[in-house]
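Me: I'm new to reading structures and would like a close look at one part of this one. Could you walk me through the enclosed space inside it and what sits around that spot?

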Amino acid sequence: MIHAPADPTQAVMHNSSVADAPLIREPLHAPVAHLIRGGVVEGIHYGSVVVLDAGGQVHFQLGDIEAAFYPRSALKPVQAVAMVRAGLPLDGELLSLAAASHSGEEHHLAGTRRILELAGLTEDHLRNVTDLPFDPVVRDDWIRDGRMPSRIAQNCSGKHAAMLYLCRLNGWTLDDYTDPGHPLQQAIAEIVEDLTGQRIAQVTVDGCGAPLFSVSLHGLARATARITTAAPGTPEARVADAMREHAEMASGSGRDVAAQMRAVPGLLAKDGFEGVHVAALADGRAVAVKIADGANRARIPVAAAALARAGVDPELLSEFAGEPLLGGGEPVGCVRPVRALDPVTLSACA
């Protein structure tokens, strides 16, 4: 088991050119979406939202964008950039998979096995947790076929396979590659600080077993914008190109982030557990969203409204306005972003 240090400086060699770490505090979240049923506000989702303009300045904010938080899998594009900078030779579908929270479809499993084969390794070398496929339909088929939870089916297996490949190439030890003090994780932490522009506030363990670095919502948006605006051929551009060109490999066939990248030209988007969503355009406009209660039903329409705030044509975002709320099998309401975020109301819910 990994024991994350209480003092992050024990595991992370800080870059002196970046800003201080965000404060660890109870986030001052604000209402970001209303649950409307029959014209009445039945519930409220709290959270925080930041929108950056093409120059990297805050164009819009709601809630607390500077408190320390965990980006969860929304940080994977940054982790993938760090691995490419350290010598990971993947491109295309396999690089997209290295930044993925995949759905467990057969092409995801095949891609993960291919990365392991390139490293001369097997599934037994993976140190992520065992799990069933993330996609509900794929998971049901998996169970129906009598298949057990496995490391390769878990949604982070592509990232872990890429980590192992990089360790093999650099002569780093394999058994402890998820330790925060391992050279791999030190290299990743350095790039997290470089791209976010701030020191890591805390190091803990993500759901898959890899280290998880705490930054701010503002820092996450800034890092993603730096990835999408990097010069062609750079590690950042290679990751952005791979994810945009192979969106289903970075997520899954039926996932909203893949659909968002298909719908909005030049968009890079990534979701994370507990209601995190980040997206950036090629010109540097970027959004980051954290839903306090982790609800996907709020994450999707709030992220769409944030993208509209960033200047994306609302018509391109219509399919992400959120699912209707049903009563007796008929639409009676919706989850609607608050007016401060979405004054034109992307949602059809009045």
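**Around the cavity**

Reply: Let's begin with the residues that line the largest cavity: Arg72, Ser73, Leu75, Lys76, Gln79, Lys159, Asp206, Pro211 and Leu212. Keep in mind that this is a predicted model. The structure holds 1 cavity of 30 Å³ or more, and about 30 Å³ of space lies in the largest cavity.

What kinds of residues make up that lining, nonpolar, polar or charged? The split is 3 nonpolar, 2 polar and 4 charged. As for secondary structure, helix α1 (76-85) and strand β6 (211-216) each give the lining at least two residues.

So let's follow α1 for a moment. Is this helix enclosed or open? Of its 10 residues, 9 are buried, so α1 is largely enclosed by the rest of the structure. The buried ones are Lys76, Pro77, Val78, Gln79, Ala80, Val81, Ala82, Met83 and Val84. You have met Lys76 and Gln79 already, since both are in the cavity lining. Just after the helix comes Gly87, which takes a positive phi of about 115 degrees.

Now look at what comes before the helix. Arg72, another residue of the lining, sits in the loop between β4 (68-69) and α1. Is Arg72 buried or exposed? Its relative accessibility is 19%, and buried means under 20%, so Arg72 counts as buried. The backbone is worth a glance here too: phi of Arg72 is near 50 degrees, a positive value in a residue that isn't glycine.

Another residue with a positive phi makes a handy companion to Arg72. That's Glu274, where phi is near 65 degrees, and this residue isn't glycine either. You'll find Glu274 in the loop between β7 (268-272) and β8. With 43% relative accessibility, Glu274 counts as partly exposed, whereas Arg72 is buried.

Step along from that loop into strand β8 (residues 276-280) and you reach His277. Its relative accessibility is 0%, so His277 counts as buried. What does His277 touch, once its neighbours within four places in sequence are set aside? Its contacts are Asp256, Val257, Gln260, Ala269, Lys270, Asp271, Val287, Ala288, Val289, Arg299 and Ala303. Here's a pair to find on screen as well: His277 and Asn296 are 19 residues apart in sequence, and their C-alpha atoms are 9.6 Å apart in space.

Finally, zoom out to see the setting for all this. The protein chain has 11 helices and 11 strands. Its C-alpha trace spans about 60 × 55 × 40 Å along the principal axes. Why talk about a compact globule for this chain? With 350 residues, a compact globule would have a radius of gyration near 20 Å, and the chain has 20 Å, which agrees. Buried residues make up 56% of the 350, and α1 adds its 9 buried residues to that picture.

Contacts tell a bit about how the chain comes together: among those with a separation of 6 or more, 66% are between residues 24 or more positions apart. On the outside, the accessible surface comes to about 13,800 Å², and 52% of that belongs to carbon and sulfur atoms.

Conventions
Residues are numbered from 1 along each chain as its sequence is written. This is a predicted model: local features need pLDDT of at least 70, side-chain atom pairs count only at pLDDT 80 or more; totals for chains, interfaces and linings use all residues. Side-chain values use heavy atoms; hydrogens and water are left out. On a 1 Å grid over the protein atoms alone, a cavity is a set of points where a 1.4 Å probe fits but cannot get out, and a pocket is an open set with protein on both sides within 12 Å along at least five of seven lines; lining residues have an atom within 4 Å of a point. Grid points are joined across faces, edges and corners, and a volume is the space filled by probe spheres set on the points. Helices (H or I, at least four residues) and strands (E, at least two) are DSSP runs, numbered from the N terminus. Ala, Val, Leu, Ile, Met, Phe, Trp, Tyr, Cys and Pro count as nonpolar, Asp, Glu, Lys and Arg as charged, and the others, Gly among them, as polar. The radius of gyration is taken over C-alpha atoms; the globule rule is 2.2 Å times the number of residues to the power 0.38. Buried means under 20% relative accessible area, exposed over 50%, partly exposed in between (1.4 Å probe, protein chains only). Contact means heavy atoms within 4.5 Å. Accessible areas come from the Shrake-Rupley method with a 1.4 Å probe; for residues, only the protein chains shown count as cover.
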